[in-house]
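Hello,

Here is the structure I said I would pass on. Please open it first, then read the notes below.

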Amino acid sequence: MNLIKNFPMKQITSLGVGGPADYFCKPKNIPEIQQGLQYAQEHELPITIIGYGTNLLVTDKGIRGLVIQIADNFAQAGVEGTLITATSGCLFNSISRLAACHSLTGLEFAIGIPGSLGGAIYMNAGAYDGEIGPLIENITWATAEDVGIWDKNSYIYSYRYSRAQEEPVVIVKAHIRLEKGDQKTIYAKMKEFQTKRHARQPFDQPSAGSTFKRPEGYYVGPMIEKLNLKGYTIGGAQVSKKHAGFIINTGNATAQDILDLIAFIQKTVKEAHGIHLEPEIKIIGER
Ligand SMILES: Cc1cc2nc3c(=O)[nH]c(=O)nc-3n(C[C@H](O)[C@H](O)[C@H](O)COP(=O)(O)OP(=O)(O)OC[C@H]3O[C@@H](n4cnc5c(N)ncnc54)[C@H](O)[C@@H]3O)c2cc1C
């Protein structure tokens, strides 16, 4: 296991902000993941697990302890019948494409969602007509000492929430159950979703996706837009002019600029609608 000191987190997160991680490693297999977890335990280092960092805001002071990245060097996937088996470092996008390649329907919604399968499972990622939760057959997880399985009845999930958010486990693998479908229809649906995404979302600018969770009965983007906050800027952080539900880094944002903008939007929405907007992005690191 190769431990790197003072790793610059801004280089591997989609928002491109934040300070360094004290220690960083990128395991290739389950034993290496467990080695990392054991090392952190022995040295009393706090542990942070990340995927591709597409849903993260790392604070300017950075992350104390060890960051374990589960990404491209832990990415294998296969298909058997209607079952996909994939390790958690696979790109969620690639799993969607793999499914389409085998005429399997159910994962069309995942096309265009950046990040890893592990991150998607942790977040119960979803879009349009789908989310990963209902497709899970089982999940393999690891801790420093154990490797275990949650079957589909014990993987609890709801909107942008999963059991993994409550338990200190590393998601290492999943079986995803799909259905046989018509390949042309699958590709057509994926194309439709991609076109919609590119038309509505600021794909060419650094962001971490939707900033806030959707409160029941409301759409966050239009709500923020109606309060004239599109383009509102603090330092280098800006409410996207394309989609008000996204905050973008215009180039030189600090994490604090983004935190200040989040707080400002929350305050404005609270005053106007009495609603508390809860961040969907995960804010990590020393405050
Ligand atoms: C342009 C853009 C569009 C987006 N669109 C969508 C969308 O339509 N729908 C949607 O749901 N999300 C969307 N997102 C958000 C993001 O892509 C998803 O949340 C994604 O699933 C995060 O995966 P990741 O690997 O980047 O996870 P990270 O951002 O690295 O981590 C996210 C959380 O998952 C945890 N985690 C990651 N991997 C593991 C693991 N192996 N084991 C345990 N915990 C783990 C981390 O601790 C962290 O709390 C978008 C983001 C961007 C930038």
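How many bridges join β17 to strand β18, and do the two run parallel or antiparallel? Two bridges link them, and the strands run antiparallel. Strand β18 covers residues 237-239. One pairing to look up is T233, whose bridge partner in β18 is Q238. Please bear in mind that this is a predicted model.

Now the sheet around them. It is open and has three strands, in the order β17-β18-β19. The pairing is antiparallel. Strands β17 (233-234) and β19 (247-249) form the edges. Each of these edge strands pairs on one side only.

A helix packs on this sheet. It is α6, residues 255-273. Helix α6 touches β17, β18 and β19. Its direction makes about 30° with that of β18.

Next, the domains. The protein chain is divided into three parts: domain 1 (4-69), domain 2 (77-200) and domain 3 (220-284). Between the centres of domain 1 and domain 3, taken over C-alpha atoms, there are 26 Å. Domain 1 gives twelve residues to the contact, and domain 3 gives ten residues.

Look at the domain 1 side of that contact. Strand β4 (residues 56-58) supplies the largest share of this side, with three residues. What is the make-up of the side of domain 1 that touches domain 3? Six of its residues are nonpolar, five are polar and one is charged.

Best wishes

How values were computed: Residues are numbered from 1 along each chain as its sequence is written. This is a predicted model: local features need pLDDT of at least 70, side-chain atom pairs count only at pLDDT 80 or more; totals for chains, interfaces and linings use all residues. Two strands pair if DSSP finds at least two bridges between them. Helices (H or I, at least four residues) and strands (E, at least two) are DSSP runs, numbered from the N terminus. Two residues are in contact if their C-beta atoms, placed from the backbone, lie within 7 Å. Axes are lines fitted to C-alpha atoms, for helices over the stretch in contact, and angles run from 0 to 180 degrees between N-to-C directions. Domain bounds come from an automatic or database domain assignment. Ala, Val, Leu, Ile, Met, Phe, Trp, Tyr, Cys and Pro count as nonpolar, Asp, Glu, Lys and Arg as charged, and the others, Gly among them, as polar.
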